[in-house]
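Colleague: Before I use this model at the bench, I would like to go through the terms attached to it. Please give the reason behind each one.

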Amino acid sequence: MRGRRLVRLSPIDLVGAVARLVESGTGTKCVTTVREDEASPFFFVEFAGTRPVKSRTMFLEDFTCYVHAVSAPGESQMGVLQMVADMEEAMEAVVSLPAPFHVAQQVEDGVQRVMRDPSGEWHAVVSYTIRVSYGLKIK
């Protein structure tokens, strides 16, 4: 008897799901590809990688992604910090994944950096780890 191959979640599906959640929760556009002439303010999602998780009972994988907040040009970073607060509130909801995948854990890893871009726009990066369950192990 041959075993079935484990179908894994595509990073494309995860990035799209995070972008939809951020955009619907904040009301600010969230893109997955940034054009050179993208008008601020906006969010964008960057996929950073995956890592298998050891578990005796479930097939699990951690996905790491960065959500970037880019505010309008200004002297103060308060605009981008408000965007971060809005995004953190939106990400309190669980990311909706296509069947048969389920979010087992969703953790904010914190603000990684806040900087001012050469264009004068403020830019903040927040890291998230999303643990995805592929189902139970059966012996």
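What follows is a set of questions on those terms, with the reasoning for each.

Modeller: One thing to keep in mind is that this is a predicted model.

Colleague: What makes up the protein, in terms of helices and strands?

Modeller: There are two helices and five strands. Read from the N terminus, the order is α-β-β-β-α-β-β. The C-alpha atoms fill a box of roughly 65 × 25 × 25 Å along the principal axes.

Colleague: Why is Ser133 called buried?

Modeller: The relative accessibility of Ser133 is 9%. Buried means under 20%, so Ser133 counts as buried. The residue lies in strand 5, residues 122-136.

Colleague: Which residues does Ser133 touch?

Modeller: Leaving out residues up to four places away in sequence, Ser133 touches Met58, Phe59, Leu60, Pro100, Phe101, His102 and Ala104. A contact here is a pair of heavy atoms within 4.5 Å. In addition, the side chain of Ser133 reaches the backbone nitrogen of Gly135 at 3.3 Å. The cut-off for a polar contact is 3.5 Å.

Colleague: Ser127 is also in strand 5. Why is Ser127 called buried?

Modeller: Its relative accessibility is 5%. Set against the limit of under 20%, that value means Ser127 counts as buried. Its contacts, again without residues up to four places away in sequence, are Thr64, Cys65, Tyr66, Val107, Glu108, Asp109, Gly110 and Gln112.

Colleague: What share of the protein counts as buried?

Modeller: Of the 139 residues, 40% count as buried. The accessible surface comes to about 8500 Å², and 52% of that belongs to carbon and sulfur atoms.

Colleague: Why is Leu6 given as partly exposed?

Modeller: Leu6 has a relative accessible area of 34%. Partly exposed is the range between the 20% limit for buried and the 50% limit for exposed, so Leu6 is partly exposed. Leu6 lies in the segment before helix 1 (11-26).

Colleague: What does Leu6 touch, beyond residues up to four places away in sequence?

Modeller: Leu6 touches Phe59 and Tyr134. The C-alpha atoms of Leu6 and Gly135 are separated by 9.5 Å, with their positions 129 residues apart along the chain.

Colleague: And Ile138: why is that residue called exposed?

Modeller: The relative accessible area of Ile138 is 79%. Exposed means over 50%, so Ile138 is exposed. Ile138 lies in the segment after strand 5. The C-alpha atoms of Ile138 and Ser40, 98 residues apart along the chain, are separated by 49 Å.

Colleague: How do you know that strand 1 pairs with strand 2?

Modeller: Two bridges join strand 1 (residues 30-31) to strand 2 (residues 42-53). Pairing requires at least two bridges, so the two strands count as a pair. Strand 1 and strand 2 run parallel. Val31 has Phe44 as its bridge partner in strand 2.

Colleague: How many bridges join strand 2 to strand 3?

Modeller: There are 11 bridges between strand 2 and strand 3 (residues 58-70), and these strands run antiparallel. Phe43 has Ala69 as its bridge partner in strand 3. A hairpin of four residues joins strand 2 to strand 3.

Colleague: What share of contacts between residues at least 6 apart in sequence join residues at least 24 apart?

Modeller: That share is 62%.

Colleague: How many charged side chains does the protein have, positive and negative?

Modeller: The protein has 15 positive and 17 negative side chains, and the centres of the two sets lie 18 Å apart.

Terms used
Residues numbered from 1 in each chain as written. Predicted model: local features only at pLDDT ≥ 70, side-chain atom pairs only at ≥ 80, totals over all residues. Heavy atoms only, no water. Buried < 20%, exposed > 50% of the residue type's maximum accessible area, 1.4 Å probe, protein only. Polar contact = N/O pair within 3.5 Å; in protein donor to acceptor, adjacent residues only side chain to side chain. Areas by Shrake-Rupley, 256 points an atom, 1.4 Å probe, with all protein chains shown as cover. Lys, Arg positive; Asp, Glu negative; His and termini not counted. Charge placed at Lys NZ, Arg CZ, Asp CG, Glu CD.
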